[in-house]
Amino acid sequence: MTAVSVTVPATTANLGPGFDCLGAALTLYNQFAFFQLPDTSGLEIQVEGQEAERVKTNSSNLVYQAFVTLYQHLNQAPPPVRIQIQLGVPLARGLGSSATAIVAGLMGANALAGSPLGMPQILKLAIALEGHPDNVAPALLGGCCLAASSTPSEWTICDVPWSESIVPVVAIPDFGLSTQAARAVLPQTCDYQDAIFNTAHLGLLLRGLETGNPDWLRSALQDRLHQPYRQSLILGYEAVQAAALEAGAYGLVISGAGPTLLALAEAERAKEIAACLQAAWQAQGVTAAVKQLQVSAQGATTTAA
(Lines give C-alpha, C1' and ligand atoms only; values in the text may rest on other atoms or scores of the structure.)
Protein backbone atom coordinates (compact mmCIF):
# COMPACT_ATOMS: atom_id res chain seq x y z
CA MET A 1 0.00 0.00 0.00
CA THR A 2 1.38 3.43 -0.95
CA ALA A 3 -1.55 5.60 0.16
CA VAL A 4 -3.86 5.29 3.15
CA SER A 5 -6.51 7.36 4.93
CA VAL A 6 -6.95 7.19 8.70
CA THR A 7 -9.95 8.54 10.63
CA VAL A 8 -9.60 8.92 14.40
CA PRO A 9 -12.32 9.96 16.88
CA ALA A 10 -12.02 12.63 19.53
CA THR A 11 -11.98 11.43 23.11
CA THR A 12 -13.08 12.61 26.50
CA ALA A 13 -10.87 11.40 29.33
CA ASN A 14 -10.63 11.46 33.14
CA LEU A 15 -14.46 11.37 33.41
CA GLY A 16 -14.87 12.65 36.95
CA PRO A 17 -13.29 10.08 39.31
CA GLY A 18 -11.64 8.23 36.39
CA PHE A 19 -8.49 10.35 36.45
CA ASP A 20 -5.82 9.06 34.02
CA CYS A 21 -7.60 5.71 33.58
CA LEU A 22 -11.06 6.18 31.99
CA GLY A 23 -11.89 7.64 28.59
CA ALA A 24 -14.43 7.39 25.79
CA ALA A 25 -14.37 7.93 22.03
CA LEU A 26 -16.78 10.57 20.71
CA THR A 27 -18.47 11.12 17.35
CA LEU A 28 -16.14 13.96 16.35
CA TYR A 29 -13.20 13.17 14.09
CA ASN A 30 -9.83 14.15 12.64
CA GLN A 31 -8.93 12.74 9.23
CA PHE A 32 -5.44 11.98 7.96
CA ALA A 33 -4.08 10.80 4.61
CA PHE A 34 -0.60 9.38 4.03
CA PHE A 35 1.00 9.17 0.59
CA GLN A 36 4.36 7.49 0.13
CA LEU A 37 6.53 9.70 -2.09
CA PRO A 38 9.49 9.05 -4.38
CA ASP A 39 12.75 8.62 -2.50
CA THR A 40 13.93 12.17 -3.17
CA SER A 41 10.78 13.97 -2.01
CA GLY A 42 11.30 14.10 1.77
CA LEU A 43 8.39 15.26 3.95
CA GLU A 44 5.29 17.29 3.07
CA ILE A 45 2.52 18.16 5.54
CA GLN A 46 -0.70 19.93 4.60
CA VAL A 47 -3.29 20.98 7.19
CA GLU A 48 -6.86 22.17 6.70
CA GLY A 49 -9.63 23.07 9.12
CA GLN A 50 -10.14 25.41 12.06
CA GLU A 51 -6.85 26.50 13.70
CA ALA A 52 -4.85 24.77 10.94
CA GLU A 53 -2.23 27.51 11.19
CA ARG A 54 -1.34 26.29 14.71
CA VAL A 55 -0.26 22.86 13.50
CA LYS A 56 3.44 22.41 12.74
CA THR A 57 4.27 21.29 9.22
CA ASN A 58 7.86 20.16 9.72
CA SER A 59 9.43 17.05 11.23
CA SER A 60 8.34 18.12 14.74
CA ASN A 61 4.67 17.50 13.79
CA LEU A 62 3.23 14.97 16.23
CA VAL A 63 1.65 12.87 13.48
CA TYR A 64 5.01 12.54 11.78
CA GLN A 65 6.81 11.82 15.05
CA ALA A 66 4.43 8.91 15.66
CA PHE A 67 4.89 7.82 12.04
CA VAL A 68 8.67 7.71 12.52
CA THR A 69 8.32 5.92 15.87
CA LEU A 70 6.63 2.94 14.27
CA TYR A 71 9.34 2.59 11.64
CA GLN A 72 11.99 2.87 14.34
CA HIS A 73 10.20 0.06 16.19
CA LEU A 74 10.50 -2.00 13.01
CA ASN A 75 14.18 -1.03 12.66
CA GLN A 76 13.39 0.53 9.29
CA ALA A 77 13.95 3.98 7.85
CA PRO A 78 10.67 5.88 7.38
CA PRO A 79 9.79 6.46 3.73
CA PRO A 80 9.33 9.96 2.27
CA VAL A 81 5.69 10.85 2.86
CA ARG A 82 3.05 13.50 2.27
CA ILE A 83 0.60 13.84 5.16
CA GLN A 84 -2.73 15.62 4.71
CA ILE A 85 -4.61 16.54 7.88
CA GLN A 86 -8.26 17.60 8.06
CA LEU A 87 -9.03 18.98 11.52
CA GLY A 88 -12.41 18.33 13.09
CA VAL A 89 -11.28 18.10 16.73
CA PRO A 90 -10.41 21.43 18.40
CA LEU A 91 -6.80 21.85 19.54
CA ALA A 92 -5.83 22.09 23.21
CA ARG A 93 -9.42 21.80 24.40
CA GLY A 94 -9.40 18.50 26.31
CA LEU A 95 -10.84 16.39 23.47
CA GLY A 96 -7.78 14.28 22.69
CA SER A 97 -6.43 16.08 19.63
CA SER A 98 -2.89 14.89 20.44
CA ALA A 99 -4.15 11.33 20.81
CA THR A 100 -5.69 11.48 17.33
CA ALA A 101 -2.33 12.60 15.95
CA ILE A 102 -0.40 9.82 17.68
CA VAL A 103 -2.87 7.10 16.70
CA ALA A 104 -3.07 8.33 13.10
CA GLY A 105 0.71 8.47 12.70
CA LEU A 106 1.12 4.93 14.01
CA MET A 107 -1.80 3.53 12.00
CA GLY A 108 -0.71 5.27 8.80
CA ALA A 109 2.87 4.04 9.15
CA ASN A 110 1.72 0.51 9.95
CA ALA A 111 -0.46 0.42 6.84
CA LEU A 112 2.29 1.73 4.56
CA ALA A 113 4.71 -0.80 6.07
CA GLY A 114 2.38 -3.68 5.20
CA SER A 115 0.56 -3.95 8.57
CA PRO A 116 3.26 -5.87 10.49
CA LEU A 117 1.88 -4.81 13.90
CA GLY A 118 -1.41 -5.73 15.51
CA MET A 119 -3.60 -3.48 17.63
CA PRO A 120 -2.00 -4.50 20.98
CA GLN A 121 1.46 -3.50 19.71
CA ILE A 122 0.19 -0.22 18.23
CA LEU A 123 -1.62 0.58 21.49
CA LYS A 124 1.55 -0.03 23.50
CA LEU A 125 3.49 2.39 21.27
CA ALA A 126 0.67 4.95 21.50
CA ILE A 127 0.61 4.85 25.30
CA ALA A 128 4.39 5.25 25.44
CA LEU A 129 4.19 8.34 23.21
CA GLU A 130 1.20 9.92 25.00
CA GLY A 131 2.39 9.02 28.50
CA HIS A 132 -0.98 7.71 29.68
CA PRO A 133 -3.70 5.53 28.13
CA ASP A 134 -7.02 7.25 28.81
CA ASN A 135 -7.12 9.13 25.47
CA VAL A 136 -5.18 6.90 23.08
CA ALA A 137 -6.96 3.68 24.07
CA PRO A 138 -10.49 4.82 23.10
CA ALA A 139 -9.12 6.76 20.12
CA LEU A 140 -7.62 3.54 18.79
CA LEU A 141 -10.19 1.00 19.97
CA GLY A 142 -13.43 3.00 20.24
CA GLY A 143 -16.07 2.90 22.96
CA CYS A 144 -15.36 3.60 26.61
CA CYS A 145 -12.13 2.14 27.98
CA LEU A 146 -10.74 1.55 31.46
CA ALA A 147 -6.97 1.16 31.65
CA ALA A 148 -4.95 -0.43 34.45
CA SER A 149 -1.19 -1.01 34.55
CA SER A 150 0.47 -4.18 35.75
CA THR A 151 3.95 -2.70 35.17
CA PRO A 152 4.98 0.79 34.00
CA SER A 153 4.92 -0.42 30.39
CA GLU A 154 2.23 -3.11 30.46
CA TRP A 155 -1.46 -2.22 30.42
CA THR A 156 -4.76 -4.04 30.61
CA ILE A 157 -7.55 -2.30 28.69
CA CYS A 158 -11.14 -3.16 29.59
CA ASP A 159 -14.10 -2.03 27.52
CA VAL A 160 -16.81 -0.35 29.59
CA PRO A 161 -20.46 -0.68 28.52
CA TRP A 162 -22.09 2.73 27.94
CA SER A 163 -25.87 2.86 28.08
CA GLU A 164 -27.46 4.35 24.95
CA SER A 165 -29.68 6.41 27.26
CA ILE A 166 -26.68 8.55 28.33
CA VAL A 167 -25.90 11.45 25.98
CA PRO A 168 -22.54 13.26 26.22
CA VAL A 169 -22.88 17.03 25.73
CA VAL A 170 -19.61 18.90 25.27
CA ALA A 171 -19.21 22.64 25.73
CA ILE A 172 -16.03 23.80 23.99
CA PRO A 173 -14.93 27.34 24.93
CA ASP A 174 -13.03 29.69 22.62
CA PHE A 175 -9.88 29.52 24.77
CA GLY A 176 -7.33 26.74 25.18
CA LEU A 177 -5.63 25.17 28.17
CA SER A 178 -2.39 23.25 27.91
CA THR A 179 -2.10 19.84 29.50
CA GLN A 180 1.14 21.01 31.13
CA ALA A 181 -0.65 23.88 32.90
CA ALA A 182 -3.45 21.57 34.03
CA ARG A 183 -0.91 19.08 35.39
CA ALA A 184 1.08 21.79 37.16
CA VAL A 185 -1.77 22.67 39.56
CA LEU A 186 -2.13 19.10 40.86
CA PRO A 187 -0.58 18.19 44.23
CA GLN A 188 2.13 15.52 44.38
CA THR A 189 0.24 13.47 46.98
CA CYS A 190 -3.38 12.98 47.98
CA ASP A 191 -5.19 12.35 51.23
CA TYR A 192 -6.03 8.71 52.02
CA GLN A 193 -9.73 9.52 52.38
CA ASP A 194 -9.74 11.22 48.98
CA ALA A 195 -8.27 8.10 47.41
CA ILE A 196 -10.99 5.98 49.00
CA PHE A 197 -13.63 8.46 47.85
CA ASN A 198 -12.47 8.27 44.23
CA THR A 199 -12.14 4.49 44.27
CA ALA A 200 -15.74 4.13 45.43
CA HIS A 201 -17.08 6.69 42.99
CA LEU A 202 -15.22 5.18 40.04
CA GLY A 203 -16.81 1.82 40.79
CA LEU A 204 -20.20 3.48 40.99
CA LEU A 205 -19.59 5.35 37.73
CA LEU A 206 -18.81 2.13 35.86
CA ARG A 207 -22.14 0.67 36.98
CA GLY A 208 -23.93 3.93 36.24
CA LEU A 209 -22.57 4.08 32.68
CA GLU A 210 -23.61 0.49 32.08
CA THR A 211 -27.13 0.79 33.47
CA GLY A 212 -27.98 4.46 32.95
CA ASN A 213 -29.18 4.60 36.58
CA PRO A 214 -29.76 8.33 37.22
CA ASP A 215 -29.17 8.23 40.98
CA TRP A 216 -25.88 6.38 40.59
CA LEU A 217 -24.66 8.76 37.87
CA ARG A 218 -25.50 11.91 39.87
CA SER A 219 -23.37 10.68 42.74
CA ALA A 220 -20.67 8.92 40.70
CA LEU A 221 -19.36 11.93 38.76
CA GLN A 222 -17.90 13.54 41.90
CA ASP A 223 -14.12 13.70 42.15
CA ARG A 224 -11.42 14.79 44.61
CA LEU A 225 -8.19 14.07 42.73
CA HIS A 226 -8.05 16.54 39.85
CA GLN A 227 -11.17 18.61 39.25
CA PRO A 228 -11.07 20.69 42.46
CA TYR A 229 -7.58 21.90 41.49
CA ARG A 230 -8.29 22.54 37.81
CA GLN A 231 -11.58 24.40 38.13
CA SER A 232 -9.82 27.70 38.80
CA LEU A 233 -8.11 27.46 35.37
CA ILE A 234 -11.45 27.42 33.56
CA LEU A 235 -13.23 30.76 33.42
CA GLY A 236 -16.90 30.42 34.43
CA TYR A 237 -16.66 26.81 35.57
CA GLU A 238 -18.93 27.17 38.60
CA ALA A 239 -21.60 29.06 36.64
CA VAL A 240 -21.62 26.50 33.84
CA GLN A 241 -21.76 23.62 36.31
CA ALA A 242 -24.70 25.20 38.15
CA ALA A 243 -26.55 25.74 34.86
CA ALA A 244 -26.00 22.13 33.81
CA LEU A 245 -27.30 20.73 37.08
CA GLU A 246 -30.28 23.07 37.12
CA ALA A 247 -31.18 21.96 33.60
CA GLY A 248 -31.18 18.33 34.70
CA ALA A 249 -27.73 16.99 33.80
CA TYR A 250 -26.48 14.05 35.83
CA GLY A 251 -23.30 15.99 36.35
CA LEU A 252 -20.65 18.15 34.73
CA VAL A 253 -16.97 17.18 34.52
CA ILE A 254 -13.82 18.53 32.94
CA SER A 255 -13.10 16.76 29.66
CA GLY A 256 -9.49 15.61 29.66
CA ALA A 257 -7.35 18.42 31.01
CA GLY A 258 -9.98 20.98 29.96
CA PRO A 259 -11.17 23.58 29.25
CA THR A 260 -13.99 21.68 27.48
CA LEU A 261 -16.70 20.68 29.92
CA LEU A 262 -18.71 17.48 29.56
CA ALA A 263 -22.26 17.03 30.79
CA LEU A 264 -23.91 13.62 30.88
CA ALA A 265 -27.64 13.70 30.33
CA GLU A 266 -30.67 11.66 29.40
CA ALA A 267 -31.65 12.10 25.75
CA GLU A 268 -34.85 14.03 26.49
CA ARG A 269 -32.95 16.77 28.32
CA ALA A 270 -29.83 16.98 26.19
CA LYS A 271 -31.00 19.82 23.92
CA GLU A 272 -32.12 21.99 26.85
CA ILE A 273 -28.89 21.29 28.73
CA ALA A 274 -26.83 22.23 25.68
CA ALA A 275 -28.63 25.57 25.40
CA CYS A 276 -28.13 26.28 29.11
CA LEU A 277 -24.41 25.51 28.93
CA GLN A 278 -23.98 27.91 26.03
CA ALA A 279 -25.98 30.66 27.74
CA ALA A 280 -24.11 30.25 31.03
CA TRP A 281 -20.74 30.64 29.35
CA GLN A 282 -21.96 33.53 27.23
CA ALA A 283 -22.98 35.30 30.45
CA GLN A 284 -19.33 34.98 31.51
CA GLY A 285 -18.18 36.59 28.26
CA VAL A 286 -17.08 33.27 26.74
CA THR A 287 -18.16 32.00 23.34
CA ALA A 288 -18.59 28.23 23.38
CA ALA A 289 -19.46 25.62 20.77
CA VAL A 290 -21.85 23.13 22.33
CA LYS A 291 -22.37 19.72 20.74
CA GLN A 292 -24.61 16.76 21.52
CA LEU A 293 -22.50 13.74 20.65
CA GLN A 294 -22.53 9.98 21.03
CA VAL A 295 -19.92 7.51 22.15
CA SER A 296 -18.23 6.20 19.02
CA ALA A 297 -18.23 2.42 19.11
CA GLN A 298 -15.57 2.40 16.40
CA GLY A 299 -12.08 3.70 17.00
CA ALA A 300 -9.46 4.52 14.38
CA THR A 301 -10.15 3.18 10.89
CA THR A 302 -7.92 2.90 7.83
CA THR A 303 -8.90 2.76 4.18
CA ALA A 304 -6.99 2.97 0.92
CA ALA A 305 -6.56 6.62 -0.07
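**Exercise 1. In which loop is the place of Leu225? Find this loop, and then describe the surroundings of Leu225.**

Before starting, note that this is a predicted model, in which local features need pLDDT of at least 70 and side-chain atom pairs count only at pLDDT 80 or more, while totals for chains, interfaces and linings use all residues. Residues are numbered from 1 along each chain as its sequence is written, and side-chain values use heavy atoms, with hydrogens and water left out.

Step 1. Helices (H or I, at least four residues) and strands (E, at least two) are DSSP runs, numbered from the N terminus. With this numbering, Leu225 has its place in the loop between helix 7 and helix 8 (227–230).

Step 2. Leu225 has a relative accessibility of 24% and counts as partly exposed, a class that lies between buried (under 20% relative accessible area) and exposed (over 50%), computed with a 1.4 Å probe on protein chains only.

Step 3. Contact means heavy atoms within 4.5 Å. When neighbours within four places in sequence are left aside, Leu225 is in contact with Leu186, Cys190, Asp194 and Asn198.

Step 4. Along the chain, Leu225 and Pro17 are 208 residues apart, yet their C-alpha atoms are separated by 7.3 Å.

**Exercise 2. Work out the span of helix 6 and state which of its residues are buried.**

Step 1. Helix 6 comprises residues 192–211, which makes 20 residues. The expected span is 1.5 Å times one less than the number of residues, and the 29 Å from the first C-alpha of helix 6 to its last is close to the expected 28 Å.

Step 2. The buried residues of helix 6 are Asp194, Phe197, Asn198, His201, Leu202, Leu205, Gly208 and Leu209. They lie on the same side of helix 6 because they cover an arc of only 135 degrees around the axis, where the arc is that of the directions from the helix axis to the C-beta atoms.

Step 3. On the face of helix 6 turned away from this buried side, the exposed residues are Tyr192 and Thr199. The buried residues of helix 6 pack against several elements, including strand 2 (22–36), strand 5 (144–151) and helix 7 (214–220).

Step 4. At the start of helix 6, a side-chain oxygen of Asp191 comes to within 2.8 Å of the backbone nitrogen of Gln193, and just after the helix Gly212 takes a positive phi of about 75 degrees.

**Exercise 3. Count the disulfides, and examine Cys144.**

Step 1. The rule is that a disulfide is a pair of cysteine sulfur atoms within 2.5 Å, and by this rule the count comes to zero.

Step 2. Cys144 is in no disulfide, and the nearest cysteine sulfur, which belongs to Cys145, is 6.7 Å away. Cys144 is buried, with a relative accessible area of 3%, whereas Cys276 counts as partly exposed at 26% relative accessibility.

**Exercise 4. Locate Asn14, Ala92 and Pro259, and describe the backbone feature of each.**

Step 1. Asn14 lies in the loop between strand 1 (3–13) and strand 2, and although Asn14 is not a glycine, its phi is positive, at about 75 degrees. Asn14 is buried, with a relative accessible area of 4%.

Step 2. Ala92, found in the loop between strand 4 (81–86) and helix 2 (97–112), is likewise not a glycine and has a positive phi of about 50 degrees.

Step 3. Pro259 lies in the loop between strand 8 (251–254) and strand 9, and a cis peptide bond with an omega of about 5 degrees joins Gly258 and Pro259.

Definitions and conventions: A polar contact is a pair of N or O atoms within 3.5 Å; within protein, one must be able to donate a hydrogen and the other to accept it, and residues adjacent in sequence count only if both atoms are side-chain atoms.
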